[in-house]
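Student: Got a minute to walk through this one with me? I'd like to start with how the helices pack and then zoom out.

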Amino acid sequence: MGRLDGRVALITGAGAGIGRRAAVLFAREGAKVAVAEFADDAGRDAVAEITAAGGDALFVHVDVSEPDSVEAAVRATVARFGKLDTLYNNVGGTNPKDGPVTDVPIDVFWGSLKRDLFGTFLGCRFAIPEIIKAGGGAVINTASLVALIGKPAPSQISYTAAKGAIVSMTRAMAVQYAPQKVRVNAIAPGITKTERVSRRLDENAIPAAMLSRHLLGPGEPMDVANAALYLASDESRMITGHTLPVDSGMTMS
Ligand SMILES: NC(=O)c1ccc[n+]([C@@H]2O[C@H](COP(=O)([O-])OP(=O)(O)OC[C@H]3O[C@@H](n4cnc5c(N)ncnc54)[C@H](O)[C@@H]3O)[C@@H](O)[C@H]2O)c1
């Protein structure tokens, strides 16, 4: 018996990194998975990995920052699998040009808000009505440790603003949709060794002071995927509105 048997999950940014590991894990636990991704080759490759392991998955091209694209991805998922009950808004990330509020280029600020925050908003906007139709389910949003602590966040004001708003939005949506049995939670990862972040670690691009506050060392994508699986499954049926740090103790240090 899988922990997500009978579920249909849409995971954004599931072609690489944390989203990819979550897509493979959710499928292994019995979910039918829509791999929603704008890098087509990576998205198709994720579907191939899932189907090779005996799972059921669909690739849907999406740009999470475009309303029509997100609506079409939700529609394609329901058309193929008959319903949608789990949404994992995973897309996001830092921009190397992000910086302090007095310096950051204005377009970088709006770019972060458009992808991380508006992308999360759009996923919820189009998926929640389907989750309600399915009789309830789970939304998992993606914040970051920068949403929870002051230091060392100020050098990435755009990313920090977007992720902080995702935490607040998660709380508000949890209250709004609890009567319809839609649980809404978020995960706040610390440094997690995706391909992208591993490259930055190899280049010594992540400050030692930040790394040393990861008390158990940097995490693996599977650490975050496992937390997402828990929040998607009925094991977390009494948990809604929370942001779960998967941060190696960073926010405690
Ligand atoms: N890796 C970390 O250390 C870390 C730390 C804190 C928070 N996070 C958060 O975790 C999430 C996943 O991070 P990751 O490191 O796995 O990312 P990643 O860069 O490895 O993968 C992101 C995926 O999203 C896709 N994508 C990007 N923009 C998209 C768009 N507009 N529409 C559709 N797909 C898009 C990319 O093609 C890629 O496949 C992000 O929200 C990130 O902010 C990661």
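**Helix packing and overall shape**

Tutor: Sure, and keep in mind this is a predicted model. Let's begin where H4 meets H5: Val-108, Phe-109, Ser-112, Leu-113, Asp-116, Leu-117, Thr-120, Cys-124 and Ile-128 on the H4 side are in contact with Ser-158, Tyr-159, Ala-161, Ala-162, Lys-163, Ala-165, Ile-166, Met-169, Met-173 and Tyr-177 on the H5 side.

Student: How many of those contact residues are nonpolar, polar and charged?

Tutor: The contact of H4 with H5 has 14 nonpolar residues, three polar and two charged.

Student: And at what angle do H4 and H5 pack?

Tutor: About 20 degrees, with the axes 8 Å apart; H4 covers residues 106-133 and H5 covers residues 157-177. Angles under 35 degrees count as roughly parallel, so H4 and H5 are roughly parallel to each other.

Student: Left-handed or right-handed crossing?

Tutor: Right-handed, as H4 passes H5.

Student: OK, what about H3 and H4, how do their axes sit?

Tutor: H3, residues 67-81, has its axis come within 9 Å of the H4 axis, and the two cross at roughly 30 degrees. That makes H3 roughly parallel to H4. H3 also passes H4 in a right-handed crossing.

Student: Which residues meet there?

Tutor: From H3 you have Pro-67, Val-70, Glu-71, Val-74 and Val-78, and from H4 there are Leu-122, Gly-123, Phe-126, Ala-127 and Glu-130. The residues of that H3 contact with H4 split into seven nonpolar, one polar and two charged.

Student: Zooming out, how many helices and strands does the chain have?

Tutor: Eight helices and seven strands. The chain's radius of gyration is 17 Å, close to the 18 Å that the globule rule gives for 253 residues, so the chain is as compact as a globular protein of that length.

Student: What box do the C-alpha atoms fill?

Tutor: Roughly 45 × 35 × 35 Å, taken along the principal axes.

Student: What share of the residues count as buried?

Tutor: 49% of the 253 residues. As for contacts, take the ones between residues at least 6 apart in sequence: 73% of them join residues at least 24 apart.

Student: Switching to a single residue: is Asp-40 buried or exposed, and why?

Tutor: Exposed, because Asp-40 has 11 C-beta neighbours inside 10 Å, and the cut-off for exposed is 12 or fewer. Asp-40 lies in helix H2, residues 40-52.

Student: And what separates the C-alpha atoms of Asp-40 and Val-167?

Tutor: 29 Å in space, with their positions 127 residues apart along the chain.

Definitions and conventions. Residues are numbered from 1 along each chain as its sequence is written. This is a predicted model: local features need pLDDT of at least 70, side-chain atom pairs count only at pLDDT 80 or more; totals for chains, interfaces and linings use all residues. Axes are lines fitted to C-alpha atoms, for helices over the stretch in contact, and angles run from 0 to 180 degrees between N-to-C directions. Helices (H or I, at least four residues) and strands (E, at least two) are DSSP runs, numbered from the N terminus. Angles under 35 degrees count as roughly parallel, over 145 as roughly antiparallel, 65 to 115 as roughly perpendicular and the rest as oblique. A crossing is left-handed if the near helix is turned anticlockwise from the far one by less than a right angle, and right-handed if clockwise. Two residues are in contact if their C-beta atoms, placed from the backbone, lie within 7 Å. Ala, Val, Leu, Ile, Met, Phe, Trp, Tyr, Cys and Pro count as nonpolar, Asp, Glu, Lys and Arg as charged, and the others, Gly among them, as polar. The radius of gyration is taken over C-alpha atoms; the globule rule is 2.2 Å times the number of residues to the power 0.38. A residue is buried if 20 or more other C-beta atoms lie within 10 Å of its own, exposed if 12 or fewer, and partly exposed in between; C-beta atoms are placed from the backbone.
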